[in-house]
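This report describes the arrangement of helices, strands and chain contacts in the structure shown below.

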Amino acid sequence: MNINISNSSGEPIYLQIANQIKTMILEGKLKEGEALPSMRILATELRISFMTTKRAYEELERDGFIESYTGKGSFVKAQNLELYREEQIKRIEALLMEASDTAQKAGVTMEELHELLDLVNGGE
Amino acid sequence: MNDYENAIEINGVTKKYDGFTLDNISFDVPKGCIMGFIGQNGAGKTTTIRSLLHITDINSGEIRLLGLDHIKDETAIKKRIAVVFDELPFHDVFNAKDMAKIFEGMYPEWDNAAYMQYIERFQLPLKKKIGQFSKGMKMKLQIACALSHNAELLVMDEATTGLDPVVRDEILHIFMEYLQNGERSILMSSHITSDLEKIADMVTFIDKGKILLTGYKDEIIEQHGILKCDQEKLQDIDSEDIVSIRTNNFGAEVMVNDHENASYKYSDCVIDPASLDDIMLYYVHRDTKEWS
């Protein structure tokens, strides 16, 4: 498990931790039922306050990514990946809508827009 | 399990000296916490620490350590806490081995094996007179002693000041290891806020004998921000949002006390995150409001 903290990103450290763990869960690097390091150990290893790791885990718990049991620790919860995918598609839709709006206003054709998408994807 | 909630409770403590008053201060250190105690030289950090250790008498107020009264239960408390000062309080002719013997007699829970482990980890010589130790070695020896009798509370007055960054980092790591079971607590005074910025769970700011702020470090840091604007824009900012303002010929930097609210209210201004140093600096100037 890899966690990197940036002190200059402006994003609070607890969010950086929570987001990185979320990504690992969604990418399947952390599996359902797998134990997370204890909050104290994580804090000691990363040289950050225990309160910060506690907050990161609380965030993950609230968003349904992990479950914590007093005295036992925190574990990865079963994820509804289908639901997550749907949410992401909705988000992409909204972003594309915005892009197409802007394109229309600027007189960029649909063809050009498709080309642009291919271009940012790095493909032909 | 220890059956108290706060390792330290300071309630309305006043101590008057000629020319300095510790003025009705209150704050708690919850069990399991690292509390950073921040203030300028002469702000009252050492007086507070001396008061809670009953090295000096207070004029009024109440102090409880480990749930016990700091005067009535002084003997019981002293066996369960450890104190580290910025100067070595031991005599120069002793060596590390002698220290073990002295501490063994003082503390019922002295753990010689743990002490020897710290000595080895810190690479301290056992038989060299401590008068010949470097400043870093002296501090490491004090810390080895402090951590080797199962103390529930460590009180440190400027313990990491004067140490190089490598040693400071090593020591901070050891403190965090020591707190691993959640039953031990640390009060750590320092004017080097970068150490506390990293590991402290809570911070308390003191200035001229008064407590300015006390609370969870992350919350305090997130709450505050530094807003950059020009002199003209400065007129539009409500005084209740402002801690103090640092002006220069090209503009102004305003510390705001509610970062989130300010970023909506003054959405055309840049607001940078504030560090503990910034917060201290702007609060120290809170009475003059505008400074440069």
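A crossing of two helices is called left-handed if the near helix is turned anticlockwise from the far one by less than a right angle, and right-handed if it is turned clockwise. The model to which this term is applied here is a predicted one.

**Chain A: a helix pair and a buried loop residue**

In chain A, helix 2 passes helix 3 in a right-handed crossing. Helix 2 of chain A comprises residues 39-46, and its axis lies 8 Å from that of helix 3 of chain A, at a packing angle of about 125°. Angles of 65 to 115 degrees count as roughly perpendicular and those over 145 as roughly antiparallel; helix 2 of chain A and helix 3 of chain A are therefore oblique to each other. On the side of helix 2 of chain A, the residues that meet the partner helix are A:Met39, A:Arg40, A:Leu42 and A:Ala43, while helix 3 of chain A contributes A:Phe50, A:Thr52, A:Thr53, A:Lys54 and A:Tyr57. Sorted by class, this contact between helix 2 of chain A and helix 3 of chain A holds five nonpolar, two polar and two charged residues.

After helix 3 (50-62) of chain A comes a loop that leads to strand 1 (66-69) of chain A, and A:Phe65 is found in that loop. Is A:Phe65 buried or exposed? A residue is buried if 20 or more other C-beta atoms lie within 10 Å of its own; A:Phe65 has 21 such neighbours inside 10 Å and therefore counts as buried. Apart from its neighbours within four places in sequence, A:Phe65 is in contact with A:Lys22, A:Ile25, A:Leu60 and A:Lys77. One of these partners, A:Lys22, is 43 residues from A:Phe65 along the chain, yet the C-alpha atoms of the two are separated by 6.9 Å.

**The contact between the chains**

Chain A places 13 residues in contact with 15 residues of chain B. Helix 2 and helix 3 of chain A each supply at least two residues of the side that touches chain B. Helix 3 of chain A gives the most to that side, with four residues. By class, the side of chain A that touches chain B divides into six nonpolar, four polar and three charged residues.

**Chain B: overall features**

Chain B contains 11 helices and 15 strands. The C-alpha trace of chain B spans about 70 × 40 × 40 Å along its principal axes. Of its 292 residues, 38% count as buried. Where contacts in chain B join residues at least 6 apart in sequence, 71% of them link residues at least 24 apart.

**Chain B: the four-stranded sheet**

One open sheet of chain B has four strands in the order 2-1-4-5, with antiparallel pairing. Strand 2 (20-30) and strand 5 (68-69) of chain B are its edge strands, each pairing on one side only. Strand 1 (residues 6-17) of chain B is joined to strand 4 (residues 60-65) of chain B by five bridges, and to strand 2 of chain B by eight bridges. Strand 1 and strand 2 of chain B form a hairpin with two residues between them, and B:Gly19 in the turn has a positive phi of about 90°.

The table lists individual residue pairings in the sheets of chain B.

| Residue | Opposite residue | Strand of the opposite residue |
|---|---|---|
| B:Ile8 | B:Leu65 | strand 4 of chain B |
| B:Ile8 | B:Val29 | strand 2 of chain B |
| B:Asn11 | B:Glu62 | strand 4 of chain B |
| B:Ile245 | B:Glu290 | strand 15 of chain B |

**Chain B: the five-stranded sheet**

Another open sheet of chain B is built from five strands in the order 14-11-13-12-15, and its pairing is mixed. Strand 14 (270-273) and strand 15 (290-291) of chain B stand at the edges with a single partner strand each, so one side of each has no neighbour in the sheet. Strand 12 (residues 242-248) of chain B runs parallel to strand 15 of chain B, and two bridges join them. Helix 11 (residues 276-284) of chain B packs on this sheet, where it touches strand 11 (225-229), strand 12 and strand 13 (251-256) of chain B. The direction of helix 11 of chain B makes about 90° with that of strand 12 of chain B.

Key
Residues are numbered from 1 along each chain as its sequence is written. Chains are lettered from A and ligands numbered from 1 in the order in which they are written. This is a predicted model: local features need pLDDT of at least 70, side-chain atom pairs count only at pLDDT 80 or more; totals for chains, interfaces and linings use all residues. A residue is buried if 20 or more other C-beta atoms lie within 10 Å of its own, exposed if 12 or fewer, and partly exposed in between; C-beta atoms are placed from the backbone. Two residues are in contact if their C-beta atoms, placed from the backbone, lie within 7 Å. Axes are lines fitted to C-alpha atoms, for helices over the stretch in contact, and angles run from 0 to 180 degrees between N-to-C directions. Angles under 35 degrees count as roughly parallel, over 145 as roughly antiparallel, 65 to 115 as roughly perpendicular and the rest as oblique. Ala, Val, Leu, Ile, Met, Phe, Trp, Tyr, Cys and Pro count as nonpolar, Asp, Glu, Lys and Arg as charged, and the others, Gly among them, as polar. Two strands pair if DSSP finds at least two bridges between them.
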